[in-house]
Amino acid sequence: MKTIDKDFLFEANLKKALENDEFRLHYQPKVNLVTGRIWAVEALIRWEHPKKGIIPPLEFIPFAEESGWIVPIGDWVLRTACQQLKDWLNEGFHPMVMAVNLSASQFYQPDFVKTVQSVIEETGIPPEYIEFEITESIMLNSESVLPVIRDLKQIGVRIGLDDFGTGFCSLYYLKEFPIDFIKIDQSFVQNCTTDSKDETIVKAIIAMSHQLKLEVIAEGIETKEQLIFLQQHLCNTGQGYFFSKPIPSQEFVQQFNEIERIVFQNGIPQEFNRQKWLEEELELSRQNLKDTIRKQQGMIFKFVKQNGKFIHTLCDGELLYQAGGTPEHVVGKELHDFLPEKDANNKLHYYERAWEVEENVIYEGKLGDIWYLASLRPIRRGGQVVEVIGSCVDITQRKVLEESLKLSEYKYRLIAENMQDLIGVLDTNGIIQYASPSHKTVLGFSPYVYEGNSAFEQVHPEDIAYIKKQYENMIKTKTSCYVEFRYRHDNGDWVDLEALGTPVLDKQGEVEHIVLVARDISKRKKAEELLLRSEKRSVLGRLAKGVAHEIRNPLTSIKGFVQLLQEEEIHTFYTDIIMAEIHRLEEIVEDFLFLAKTEDNQRKDVDSKNLLDEVVQLYKLKAILKNIEIVQEPVLDSPLINCDVNQMKHVFMNILQNSVEAMPEGGIITIKMFWKDSNHITFRFIDRGNGITEDRMKHIAEPFYSNKEKGTGLGLTICQKIIHEHGGTMVIKSKVNQGTIVDINLPTKQLYLIENN
Ligand code: C2E
Ligand code: CA
Ligand code: CA
């Protein structure tokens, strides 16, 4: 093919050719195969060498591409072609599109898009009158090419694929790239009337272009047969020697009218041609409509009434497929053919209404897992309903939301209606901001009665001062607080409540409001009382037995000694024992009396530490004798407690006594005193004695249950009673051979203050 010597093709020559203006453009028309009109021209380059004459592009373009000279040459082509178009327009030609071929290296120039833009600006040609022909090889590097193509489309120029069918021919480009036309390569066109394979290929390319809504052009048309073939198969545009070879501008202008007559003179009759095109368009738009109905997110169906039955004539759309159906399931069938009996009957009712000319029948339905909303509309012709159109939209998401809302509402109601605990939110002044629905069930008043009012209003008058004080303290200390009090019931009764208040702090760390969780403990209180009473009875029973036993023993010895006294001379040793035993009897009787006694109101406010100290001082001496040291941990705070001093001392003594007796070998007893919570103080006694077994632990506070050989065993029972009467608790924890911890928790008069923290 290389008829030109290599030397000649050196860069210098291309450069010189550019400088000496040796390049020419020839123009080949693109003809509309329906109208016969020239609607575009393709610019094709030639080299007019002073010595060698006209050199065709295939002989120097590959070299220009290799050497990079294609960039300035291509630039020249683009400018010259656009200038030419502008000149023609100025001469009064009807607007035409100028087609320019692009080679890959031009396309990859970083400023290519800019160049195009500047040419457009310089010449003032509307961008839609410029089209670029690129080959599939350019598309190979699709990642870098796609942005350029997008930018060009952004400018507004047209882009087409040249030589279609010869290259890589990936359908992917056609789908992904925003191109305007494809050009069937001349190699197929040339044999399309003689070779059945090429015929098939050409037909297929045309049909495919129509489907993809791309224009299709055939190049290399050389015969009338080819023209007719292409017309019959509805190719949009044609190009080839049959119309015109690429010719210089001057010639093109002269032959323009001649060329435009060719289709009219040689092609199929225009009427026939138009008819074909209309059919094609109809078919295409029918397909398009079908496609649209198929692809729409919802579902469209139609039905008619035939012999009293509603028969579906159409059904399609994404929703149908999502629900697992196909048009075949529905079309030609009535509701009962594809729906369960109940469903079908239900829908029939709506169908009937629409058919009876109700304008907008709306209902909800379910297909598989999908909820839809359907709307029916009767279509009338000549006053008669001829069919009904139904359109459905997917409302599954909304439904799911509604369902979950319903469920959570139900759950909430379940909780609210069945909850026995009272929940309240109060502001720092005790004004109720929220009261849970359970107020109604527990206190008889609807929660709205409380909201906006002071929480203290309904508190029992005797409890109000205490409660207010606790409330203030809770806010001051920002710690939670446990209280028991009586609250008014709608029926006039008082309900015993226990409540835990918890301060909620704002961002600044200040108390914003208080959350109160309260519970009706009236029943529990009554039960406790009952229990207490029955316990007392059984305690008394056991007590009587114990007392009888305990008294009988000393009496036996008294009796014996008295008998001896009767026989022998007076002996101080016996009388001493008698005295001691009598003393014990007295003690027992005293304890016994105490147990039977109800509340004794000899209470006063005392300093908690002083009280403890007094007992410890008293006891220290006794302890030292038994080789026991009592260690008191320093305390920070010594709140006042309201108590019967003697009783409380009795308790402390008793516990210390137990501890001492538990450590026959001696050791250390530790005493601590600390805040249990904001309004309780704990006295803790720790010994490392022999401890108490689990079994005994169960009965520890029962009268006469003592491992002490000597003691009466009444001790802990009485301690328990005293502490309870003071509103406190006693907790004993013990491990055999490790020791015992006794906690006495008592309510304080003063409250734990945050400054102590
Ligand atoms: P192409 O773009 O496919 O151009 C069509 C070629 O087929 C042209 O050859 C044209 O003269 C020829 N042709 C048109 N109708 C017929 C026909 O009915 N029968 C036959 N046998 N041939 C026909 P040309 O002008 O020699 O161009 C050859 C190739 O050179 C072009 O192929 C194009 O790829 C390239 N070329 C031409 N001008 C330029 C240009 O300005 N820039 C670039 N990058 N390449 C160009
Ligand atoms: Ca071309
Ligand atoms: Ca071509």
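How are the donor residues of the calcium ion (ligand 2) spaced in sequence? In this predicted model, the spacing reads E-x58-N-x31-E-x28-D. The protein donors behind that pattern are E42 (OE), N101 (OD1), E133 (OE) and D162 (OD). They lie 2.1 to 2.4 Å from the calcium ion (ligand 2). Distant parts of the chain are linked here: E133 sits in strand β5 (residues 130-135) and D162 in strand β6 (residues 158-164), 29 residues apart. E133 has a relative accessibility of 1% and therefore counts as buried.

A second calcium site adjoins this description. The calcium ion (ligand 3) is coordinated by D162 (OD), by D163 (OD) and twice by E219 (OE). These contacts span 2.1 to 2.7 Å. Along the chain, the donors of the calcium ion (ligand 3) follow D-D-x55-E.

D162 coordinates both ions. It bridges the calcium ion (ligand 3) and the calcium ion (ligand 2), which are 4.4 Å apart. The relative accessible area of D162 is 8%, so this bridging residue is buried. D163, a donor to the calcium ion (ligand 3), is partly exposed, with a relative accessible area of 25%. The cut-off for buried is under 20%, which is why D162 and D163 fall into separate classes.

Another residue was examined apart from the calcium sites. K399 is placed in helix α18 (residues 396-418). Its relative accessibility is 12%, so K399 counts as buried. Neighbours within four places in sequence aside, K399 is in contact with E364 and W371.

Technical notes:
Residues numbered from 1 in each chain as written. Chains lettered and ligands numbered in written order. Predicted model: local features only at pLDDT ≥ 70, side-chain atom pairs only at ≥ 80, totals over all residues. Heavy atoms only, no water. Donors = N, O, S within 2.8 Å, 3.2 Å for Na, K, Ca; no water. Buried < 20%, exposed > 50% of the residue type's maximum accessible area, 1.4 Å probe, protein only. Helix = DSSP H or I, 4+ residues; strand = E, 2+ residues; numbered from the N terminus. Contact = heavy atoms within 4.5 Å.
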